[in-house]
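Work through the exercises below with the structure open beside you. Try each task before you read its solution.

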Amino acid sequence: MKAVRIGIIGLGNMGRFHADYLLGKQVPRCELTAVSDALPANLERFRQLKTFTNSHDLIHSGEVDAVIIATPHFLHTTIGIEALERGLHVLVEKPISVHKADCERLLGAHRQAGQVFAAMFQMRTDPRFKKIKHLIASGELGEIARVNWIITDWFRTNAYFASGGWRATWKGEGGGVLLNQCPHNLDLLQWFCGQPVAVRGFCQLGRYHPIEVEDQVTAYLEFANGATGVFVTSTGEAPGTNRLEIAGDKGRLVFECGKLLFTRNEKPMRQFCAESGGGFARPDVWQVEIPADGAGPKHTEITRNFIDAILDGAPLIAPAAEGMNSVELANAMLYSSLIGETVALPLDGAAYEKRLNQLIAGSTMKKPEVQVVAEDFTKSFH
Ligand SMILES: NC(=O)c1ccc[n+]([C@@H]2O[C@H](COP(=O)([O-])OP(=O)(O)OC[C@H]3O[C@@H](n4cnc5c(N)ncnc54)[C@H](O)[C@@H]3O)[C@@H](O)[C@H]2O)c1
């Protein structure tokens, strides 16, 4: 195969963004050959390609080797399973599914050797987050003791939530800020620190917006080694904060205002604690400002890596299988809040699915109609 023939399923904000950089030839060795959207009007600008109003027809058309799925989240599971069973390579948008049981169904359809299944976690390509990952994986930070992420600058207006019938409903989206804005943060959190073993979530439903799902969350996390974490997020707070702090035995990493600062302990804190004769002594430190910026291709890098994996067997930056962790974390925060108890991980996916289905069945929310002005969708990226 010289060039991978790609189809995009779902041509809303995100699907059009993928289409534009593929048509702009920003990813070598692939060609956008087909697109699908349930709304015929969304296909108009792509008349030079094969167009389909039904994803099934695109998947079985013989026109594509691979698909990018950029539909509302629930459809990631059903469309993803169909594409995988057809033998196509799949790049699925985040979150890979809405809940853990669906993730397992989706991942279970990935059975063919050599078939590439990746997830669009483009924040893993951000040089600052790559650096954090490296500092932890290489042992520079030492054993993790604590992680805090206050990520409350996902501000969204009522008009945003009214802009798509599926948004911010149990039935259409299966959750709020945890499912829509935070999958990247939750993915990075587990990429850096591993998956917690217990979660206690406090989710406020529709605190700031006329929606039925969570728009404000505080969650407490516990890890197997005793490390603790706090994750705070909101779509209603302005100006909001984005501060990630990870304390390890050998120092503390702080990512805030786009800058990464590493305060290193000259002696690891546990060793110092055990060896120091002075009761109020503390390890000397030195400050390292890590010179990495957030510039870079991000989405195109994930898609390029997807193509490299198909053509050359390159290792994936974000295998879809790892996408289940962020879904499980989001589910655990919501489930814990709904039942008012700490939940142990691995989460009981069937129990959560049952609870979510009850919320869907009991939903009485009617979304208000709001006129939404056209604006630059890329402003939504962090
Ligand atoms: N990686 C990122 O940075 C990023 C950013 C935004 C959104 N997303 C993800 O992309 C997905 C789509 O989000 P969006 O903001 O583009 O939503 P959107 O509502 O703008 O677009 C969804 C599109 O899917 C189409 N669609 C619905 N059902 C379909 C079907 N059965 N077959 C084909 N098309 C269908 C709709 O008509 C619509 O055009 C979501 O899962 C979201 O989480 C990812």
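The exercises go from domains to core, then to helix pairs, a buried loop residue and backbone angles.

This is a predicted model, in which local features need pLDDT of at least 70 and side-chain atom pairs count only at pLDDT 80 or more, while totals for chains, interfaces and linings use all residues. Residues are numbered from 1 along each chain as its sequence is written.

**Exercise 1. Domains**

Find the domains and describe the side of domain 1 that touches domain 2.

Solution.
- Step 1: mark the bounds. The assignment gives domain 1 (4-121 + 297-319) and domain 2 (124-295 + 326-361). Such bounds come from an automatic or database domain assignment.
- Step 2: find the separation. The centres of domain 1 and domain 2, taken over C-alpha atoms, are 28 Å apart.
- Step 3: look at the contact. Domain 1 gives 19 residues and domain 2 gives 21 residues. Two residues are in contact if their C-beta atoms, placed from the backbone, lie within 7 Å.
- Step 4: name the helices. On the side of domain 1, α4 (100-108) and α9 (299-312) each supply at least two residues. The largest share, four residues, comes from α4. Helices (H or I, at least four residues) and strands (E, at least two) are DSSP runs, numbered from the N terminus.
- Step 5: sort by class. This side of domain 1 has 11 nonpolar, three polar and five charged residues. Ala, Val, Leu, Ile, Met, Phe, Trp, Tyr, Cys and Pro count as nonpolar, Asp, Glu, Lys and Arg as charged, and the others, Gly among them, as polar.

**Exercise 2. The core**

How many residues does the largest nonpolar core have, and which have the most contacts inside it?

Solution.
- Step 1: fix the terms. A nonpolar core is a set of buried Ala, Val, Leu, Ile, Met, Phe, Trp, Tyr and Cys residues joined through C-beta atoms within 7 Å. A residue is buried if 20 or more other C-beta atoms lie within 10 Å of its own, exposed if 12 or fewer, and partly exposed in between; C-beta atoms are placed from the backbone.
- Step 2: count. The largest core has 100 residues, and I6, V67, V90, A118 and M333 have the most contacts inside it.
- Step 3: trace the sources. α10 brings the largest share, eight residues. Domain 1 and domain 2 each give at least three residues.
- Step 4: inspect I6. Beyond four places in sequence, I6 touches residues including L22, C30, L32, V64 and V67.

**Exercise 3. Two helix pairs**

At what angle does α7 pack with α10, and at what angle with α5?

Solution.
- Step 1: set the rules. Axes are lines fitted to C-alpha atoms, for helices over the stretch in contact, and angles run from 0 to 180 degrees between N-to-C directions. Angles under 35 degrees count as roughly parallel, over 145 as roughly antiparallel, 65 to 115 as roughly perpendicular and the rest as oblique.
- Step 2: take α7 (183-193) and α10 (323-339). Their angle is about 110 degrees, with axes 8 Å apart. So α7 and α10 are roughly perpendicular.
- Step 3: list the contact. P183, L186, D187 and Q190 of α7 meet N325, S326, L329 and A330 of α10. Four of these residues are nonpolar, three polar and one charged.
- Step 4: take α5 (127-137) and α7. Their angle is about 25 degrees, with axes 9 Å apart. Therefore α5 is roughly parallel to α7.
- Step 5: list this contact. F129, I132, K133 and I136 of α5 meet L188, W191 and F192 of α7. Six are nonpolar, none polar and one charged.

**Exercise 4. A loop residue**

Is L347 buried or exposed?

Solution.
- Step 1: locate L347. It sits in the loop between β15 (343-344) and α11 (349-361).
- Step 2: count neighbours. L347 has 21 other C-beta atoms within 10 Å, so L347 is buried.
- Step 3: look along the chain. L347 and A101 are 246 residues apart, yet their C-alpha atoms are separated by 9.8 Å.

**Exercise 5. Backbone angles**

Which peptide bonds at P239 and P346 are cis, and what is phi at K25?

Solution.
- Step 1: recall the background. Most residues other than glycine have a negative phi, and most peptide bonds are trans.
- Step 2: check omega. The A238 to P239 bond is cis, with omega about 5 degrees. The L345 to P346 bond is cis, with omega near 0 degrees.
- Step 3: check phi. K25 has a positive phi, near 60 degrees. K25 lies in the loop between α1 (13-23) and β2 (30-36).
- Step 4: check exposure. K25 has 10 C-beta neighbours inside 10 Å, so K25 counts as exposed.
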